[in-house]
Amino acid sequence: MSPILKINDIHKSFGMTKVLDGISFEMTEGECICLLGSSGSGKSTLLQIIAGLLQADHGEITMTGLQVLNKHTFIPPEKRPINMVFQDYALWPHMTIRKNIEYGLKMEKKTETVRNERVASISKLLQLEELLKRLPSELSGGQQQRVGIARALATEPSILLMDEPLSNLDVKLRTEMRSELADILRKLSITTIYVTHDMMEAFALADRILVLHEGKIAQLAPPQQMYEEPKTMGVAQLMGYQNQLKGKVIAKNEEETTIQCGELRIKGIAPTNPYNELTIGDDVSIMLQLEATHVDSTSYQHDNYLETKIVQVIYEGSRWRYRLETKDGQHIDGLHTKKLPLNEIVRISFSVQQTRIFKS
Ligand SMILES: Nc1ncnc2c1ncn2[C@@H]1O[C@H](COP(=O)(O)OP(=O)(O)O)[C@@H](O)[C@H]1O
Ligand SMILES: [Mg+2]
């Protein structure tokens, strides 16, 4: 299948700051890619360049076979087969919900019959039928955002661009909307680029996740692959490897790498890629998922274990979270189902399989 969207070698700087440094990727029809990256990594910049709201310094973009950007061409946003949903809803405050949803269709000079049909089907899909006569101010945040999505979908764009559309909602609503949105996108099988800094959102929605780091694509892979095989430390952090210990490489073979960490030796897996070529003596970071860090004061469950002191205790409902200090003064978080006292010496353990080693 030929790609519906082709991005080739996009560069963008603001003054002296290089924000995008050679971004290239392709999307197939119906695919959802989540752009994931820390704040300021260039996610919105890339999305706006794709939308045509911002000029790139260099690069080419092709959509549905149409060249919208190259050295000689710049097709403006309204002529690109896209629509966009923003974080702040951006609804017309003086227009009813129906008028808001219809807006793009009127701009396209669609007949009243077509407009009515589209509003009916889209408001059914997004459960807005009861709200069509209201004004945006009479809706909750979640409902307003649903209208924003309905308005973008009403024009039946080939590609839907969404920039953190749920980030203004409270946690509970965000979680609900996340699965609702995943359903809708799957039902419509609309090609979508979705910007987020939330791993769980990316997991719920993405066919593939694209991580931006220092202007480049750090990794582009399906969620599970990215979670299990993060290529760089930055990707690992975005995938929830929050625990980090410092050490030095003292041995390595095909399967595992051994790290000296204070008095202890820790074994883990060093992802093999050009960013992470390790030799003996290299300074490295040992990265662990919080969920993989078990506080168990009695048993040796795994090959890797550390003796630590509890320096902070946080109750998280179904579990307790402990801030732990190693003998050489490093800090790591661990989980346990039981309450343990402050200053207690506990052993934490984690498997080699769940331990990732990256060059620092
Ligand atoms: N119009 C602008 N002028 C100058 N700098 C900008 C502009 N827009 C974005 N930037 C800078 O570019 C970088 C990337 O911004 P952005 O794409 O908004 O990041 P993200 O959406 O990933 O948080 C940031 O350092 C930001 O300050
Ligand atoms: Mg942004």
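# Two domains and a ligand: exercises

The protein splits into domain 1 (5–233) and domain 2 (234–359), with bounds from an automatic or database domain assignment. This is a predicted model: local features need pLDDT of at least 70, side-chain atom pairs count only at pLDDT 80 or more, and totals for chains, interfaces and linings use all residues. Residues are numbered from 1 along each chain as its sequence is written, ligands are numbered from 1 in the order in which they are written, and side-chain values use heavy atoms, without hydrogens and water.

**Exercise 1.** Describe how domain 1 and domain 2 meet.

Step 1. Take the centres over C-alpha atoms: 37 Å separate them.

Step 2. Count the residues in contact (heavy atoms within 4.5 Å). Domain 1 gives 17 residues and domain 2 gives 18.

Step 3. Find the buried area, the accessible area (1.4 Å probe) that two parts lose on being put together, summed over both. The two domains bury about 1500 Å², 66% of it on carbon and sulfur atoms. On the domain 1 side, Y227, P230 and M233 lose the most area, together 46% of what that side buries.

**Exercise 2.** Find the salt bridges across the interface of domain 1 and domain 2.

Step 1. Apply the rule: a side-chain nitrogen of Lys or Arg within 4 Å of a carboxyl oxygen of Asp or Glu.

Step 2. The rule finds zero across this interface.

**Exercise 3.** Which residues surround ligand 1?

Step 1. Keep residues with a heavy atom within 4 Å of the molecule.

Step 2. Read them off: F14, V19, S38, S39, G40, S41, G42, K43, S44 and T45.

Step 3. Check distances to oxygen atoms of ligand 1. A backbone N or O atom of G40 lies 2.7 Å from one. For a backbone N or O atom of S41, the distance is 3.2 Å. K43 uses a side-chain N or O atom, at 2.9 Å.

Key:
A polar contact is a pair of N or O atoms within 3.5 Å; within protein, one must be able to donate a hydrogen and the other to accept it, and residues adjacent in sequence count only if both atoms are side-chain atoms.
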